[in-house]
Amino acid sequence: MAYFSILLLILLTLKCSHSYKIGIGIADMTGPPAEVAFMGYAHPEQRGQGLHTRQFARSYIIDDGKTRIVFVTADCGMMGTFLRREVIKRLKSVYGGVYSEDNVMISGTHTHSTPGGFLMDIIFDLNTFGFVKETFEAYASGILRSISRAHSRLTDGKIYVTRGEVMNANINRSPTAYLKNPAAERAKYKYDVDKTFTQLKFYHTDGQPLGALTWFAVHPTSMNNTNTLVSSDNVGLASVLFEQRMNKQLTKIIGKGPFVAAFASTNLGDVSPNIKGPKCQMSGLPCDPNTSTCKNKNEKCVASGPGRDMFESTAIIATRIFESAWEAWSQNGEEVKGPLGIVHQYVDMPSQKVPYTDPKTGKVTTVKGCVPAMGYSFAAGTTDGPGAFSFEQGTMTTNPLWNALTDFLAAPSPEQIACQAPKPILLDTGEMNFPFEWQPSVVSTQLAVLGQLAIACVPGEFTTMSGRRLRERVAESLELKKPDQVIVAGLCNTYSDYIATPQEYQVQRYEGASTIFGPHTLTIYLAQYSKLAGHLKTGSKPTPGPEPPESFSGLISLLPPVIFDSAGMDYNYGDVIEQPKQNIKVGKTASVTFVSGHPRNGFHQEGSYLLVERQIGDNKWEIEATDANWETKFHWIRRSSILGTSKVTITWNIPKGTKPGIYRIRHFGHHKYIYGTIKPYEGVSADFKVSA
């Protein structure tokens, strides 16, 4: 009788719980790791010289039998309209109408240390000397592969939501702007950044864990603008740490395990991981809080920490994020129950007119969007990565010299100056119509519901308070109990820079100067996502909105191709120039240098430029690490541009817990003949001993 009662209880529990079809996939999307400028800091001299960690796309498909939702988080700077469209075009060629612009959300993690040249708007591709087809193709194929893998793994499953808090991992990099928000509004929150995160936990109905998806607000800028190795930065490493712990019994190879864990971007616009805060670089004195400058104008105001260098800082922040997420993973959580819904609409931001209620007076006026423009403080950069020349954050006036130079491209009209005020316009990108768009005017907006949760896919970087206001507005519009039931998914589908609050905009820090559609950009988005929420409530579908202007026909690409490689006199590709030491202790570094070809000849997606192997028997070797491991670095060095010779130095920081034994390092690459043929090669180091 007791057995029958237990069986009946289990059957009733299963009947009452909500099951979805769930598919989760991961794929390598690593782009060209050499001689392509990174997207993020906008420093043309910050060009790739190798690889530290690989880029991955992590996809989550949820289906309730009527509606299918796809969420992808990709280890790249952001998502672009035309890259997303290319992915959807390829999905349609395989799956027909199952996937479309309506139900696919793609979000960039916002790492600043990955190849650029894929957004197709001039201002974003300037530092890469235009469009980089190699980057675009690497990202499109990697993201497509991750969605396809998720599709092939669809199974019955359940979703739970948990929340947690990460301390000592983020600070506000523009606190003076944040303080301009109404005092009563600020009083509702303990911190000037979001310390909390939201985590979705995915399980098979038999209890097998499938994956985790966590949104936490932090800029992946622990790796600073001097870094030249491709890196997924702090959130990318946090993902790897989570996956390694879950998959350790099955595989050591990163990106190949069945469990997938992602840390996705949210309202990170004014949020820095450099928690020591900004200091004047040479003197160590505090910076001016309003302008982020030093008394000695030759000094840069730079934020850093918590580690001794950017590598240690990245590891510390990643570990803190991961450990807090792991604690949340260990909790039961609340089951996600209810139907799915998703709507999408393109919006022409400059043409929007919406009501705005002044928080001080209560007066309601009609406000409008502006055509895009960047302010002077944009050129100043941030404390995570200062800009060039003498630009300062908080700049409220123009400079005749800079105006003369920028007016050569396009002098802002009186209407534009009035619309963007009090922003002093440095680049009037919206009125530069040659040869094609400098910045997007038409953006993607998308809103999804998962039972009692909502995901707002937003086309840019919302500041802390902007994200809080959006969560409140969407929760109210959908009649949800609490704002934390709304997830803001940042840098999603389109990249249109920043979204500061109207109050933050007034002081023109970097975030305000980069809020391109004017002071009421956020006001327009609040109205738009309320409208999308209305469609979800009624089950209606919005009009598609205006078509973004196609960019493929007029692309400019000035990045030189790889012409040819040469091994050099008396060398073959893969030859070892410098062998590792014969006996190396755990905690120390093994290093080997090979004759190489150019890494742009092949990105080795789903593979590796290197393998660290341990001998487990006569002529048998086991993989210990790849170039996706944090402990390895793949550094490419051009020996002679004229002769086409190069070399790679591979280092392996031998981590604690490594088994003593005999090891070797192998290198894989491709070289290019002058007449265009590309052929693979490989090299292997001498064996070396690792001792405790």
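**Close-up 1. R471 and D194, a buried charged pair.** Both R471 and D194 are buried in this predicted model. Their side chains form a salt bridge, with an N to O distance of 2.7 Å. R471 belongs to helix 12 (residues 464-478), while D194 sits in the loop between helix 6 (183-186) and strand 9 (196-204), so the pair ties together parts that lie 277 residues apart in sequence. The whole structure contains 32 salt bridges.

**Close-up 2. R58 and E243, a salt bridge across distant parts of the chain.** The closest N and O atoms of R58 and E243 are 2.8 Å apart. R58 comes from strand 4 (residues 56-63). E243 comes from helix 7 (residues 233-247). The two residues are 185 residues apart, and the pair links distant parts of the chain. R58 is buried, and E243 is buried too.

**Close-up 3. E622 and R614, a salt bridge with one partly exposed partner and one buried partner.** The side chains of E622 and R614 meet with an N to O distance of 3.0 Å. E622 has 31% relative accessibility and therefore counts as partly exposed. R614, at 12%, falls under the 20% limit and so counts as buried. Elsewhere, R145, R149, K256 and E606 are joined into one network by salt bridges that share partners.

**Close-up 4. The largest nonpolar core.** This core has 102 residues. Those with the most contacts inside it are I143, L447, L470, Y529 and W652. Domain 1 (21-347 + 441-538) and domain 2 (575-690) both contribute residues, so the core lies between them. A second, separate core has 34 residues, including F56, L210, W215 and I455.

**Close-up 5. The surroundings of L447.** L447 is one of the residues with the most contacts inside the largest nonpolar core. Leaving aside residues up to four places away in sequence, L447 touches G341, I342 and V343. I455 and A456 are also among its contacts, as is V474. Y529, L532, A533 and L536 are touched by L447 as well. Of these, Y529 is itself listed among the residues with the most contacts inside the core.

**Close-up 6. L126 in a loop between two helices.** L126 is placed in the loop between helix 3 (122-125) and helix 4 (133-152). Its relative accessibility is 48%, so L126 counts as partly exposed. A37 is 89 residues from L126 along the chain. The C-alpha atoms of L126 and A37 are separated by 9.7 Å.

How values were computed
Residues numbered from 1 in each chain as written. Predicted model: local features only at pLDDT ≥ 70, side-chain atom pairs only at ≥ 80, totals over all residues. Heavy atoms only, no water. Core = buried A, V, L, I, M, F, W, Y, C linked by side-chain atoms within 4.5 Å. Buried < 20%, exposed > 50% of the residue type's maximum accessible area, 1.4 Å probe, protein only. Domains from an automatic or database assignment. Contact = heavy atoms within 4.5 Å. Helix = DSSP H or I, 4+ residues; strand = E, 2+ residues; numbered from the N terminus. Salt bridge = Lys/Arg side-chain N within 4 Å of Asp/Glu carboxyl O.
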